[in-house]
Amino acid sequence: MIGVYFSGTGNTKHCVSTFVKLINNESTSLPLESKDTKNYIRNEKDTIVFGYPTQFSNAPIFVRDFIRKNKDILKGKNIFIISTMGLFSGDGTGCTARLFKKVGAKVIGGLQVRMPDNVCDVNTLKKSKEENRDIIYKADIKIKESVKAYINGHPTQEGLSAFSHIAGLFGQRLWFYSRTKNYSNKIKINTDKCMSCGKCTTLCPTSNLIMNNKSVESKNKCTMCYRCISQCPQRAITLIGNEVVQQYSYDKC
Ligand SMILES: Cc1cc2nc3c(=O)[nH]c(=O)nc-3n(C[C@H](O)[C@H](O)[C@H](O)COP(=O)(O)O)c2cc1C
Ligand code: SF4
Ligand code: SF4
């Protein structure tokens, strides 16, 4: 078993790595943006645990693009999907399960895990550190139970039913589809706050941010992962909101 994940702020990385480690005794997991990931998938004969965060009850476009563009390596593979969410996703796993089926992969199970919300520039859903730790504690219990079911030959099927599909579609995806349809061009850099340290440009998984004459420029390839926003030392970057209210990353919980 291997793990492959897309994770802006660490939640999904944690969930996929924990799942895989409980089965393999070691965490053989790689981020989707790594140059080694495709070979990793190509060579895997057992299950691939594939994780990503929910965005407006959908998978990030970066993740959907990866699946669509890699039919050759995904065809015939066994996939167990983990989606993480701040509150609600409906069919957080189901929305890629349908894509995986289209490229000829076999989806053997799904798990939807509630983790802390990572949208740092909007006040809604913000929790204290203690509350976030409690959410993670409960998530870990849920992952352990799902691992048990997997080992017993009955992988959990969360988010994969027709009912979940309807919940995801009408709960959010339909109304917010335009936000995840393309890569975003909505990243805002506050030039008064930015100190040109370059940290965001090295962190971005899509190389969307570049330094140009000591200013940060966005190339409109943002997949809305919130990594740069949660780690900018100057809190100079925003996306949905206009001010960073509380930076979040799993490592700081
Ligand atoms: C742009 C965006 C949209 C999101 N939409 C949802 C959502 O529809 N439902 C939900 O429960 N959480 C939503 N979240 C929260 C994340 O799914 C959640 O915090 C996730 O665990 C982050 O994972 P990561 O740290 O691996 O990136 C959203 C986060 C972002 C950045
Ligand atoms: S991380 Fe923040 S301060 Fe550093 S270059 Fe990026 S926007 Fe500027
Ligand atoms: S610009 Fe920021 S939010 Fe957008 S993909 Fe890059 S790191 Fe993620």
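Student: In what order do the five strands of the open sheet lie?
Tutor: In this predicted model, five strands make up an open sheet with parallel pairing. Strand 2 (29-31) and strand 5 (106-114) are the edge strands, each pairing on one side only. From one strand to the next, the twist averages 20°. The order is 2-1-3-4-5.

Student: Which residue in strand 2 is the bridge partner of Y5?
Tutor: Strand 1 (residues 2-5) and strand 2 run parallel and are joined by three bridges. The strand 2 partner of Y5 is P31.

Student: What angle does the direction of helix 6 make with that of strand 5?
Tutor: Helix 6 (residues 129-151) packs on the sheet. This helix touches strand 3 (47-53), strand 4 (78-85) and strand 5. The angle between the directions of helix 6 and strand 5 is about 160°.

Student: How many residues of strand 5 are buried?
Tutor: Strand 5 is an edge strand, pairing on one side only. Strand 5 is nevertheless mostly covered. Of its nine residues, the number buried is seven.

Student: Which residue in strand 5 stands opposite T84?
Tutor: Strand 4 and strand 5 run parallel, with eight bridges joining them. Opposite T84, in strand 5, stands V113.

Student: Is the β-α-β crossover from strand 4 to strand 5 right-handed or left-handed?
Tutor: On leaving strand 4, the chain passes through helix 5 (residues 94-102) and then enters strand 5. The two strands that this path connects run parallel. The β-α-β crossover is right-handed.

How values were computed. Residues numbered from 1 in each chain as written. Chains lettered and ligands numbered in written order. Predicted model: local features only at pLDDT ≥ 70, side-chain atom pairs only at ≥ 80, totals over all residues. Heavy atoms only, no water. Pairing = 2+ DSSP bridges. Helix = DSSP H or I, 4+ residues; strand = E, 2+ residues; numbered from the N terminus. Axes fitted to C-alpha atoms, helices over the stretch in contact; angles between N-to-C directions. Contact = heavy atoms within 4.5 Å. Buried < 20%, exposed > 50% of the residue type's maximum accessible area, 1.4 Å probe, protein only. Right-handed = clockwise from strand over helix to strand, strands pointing away.
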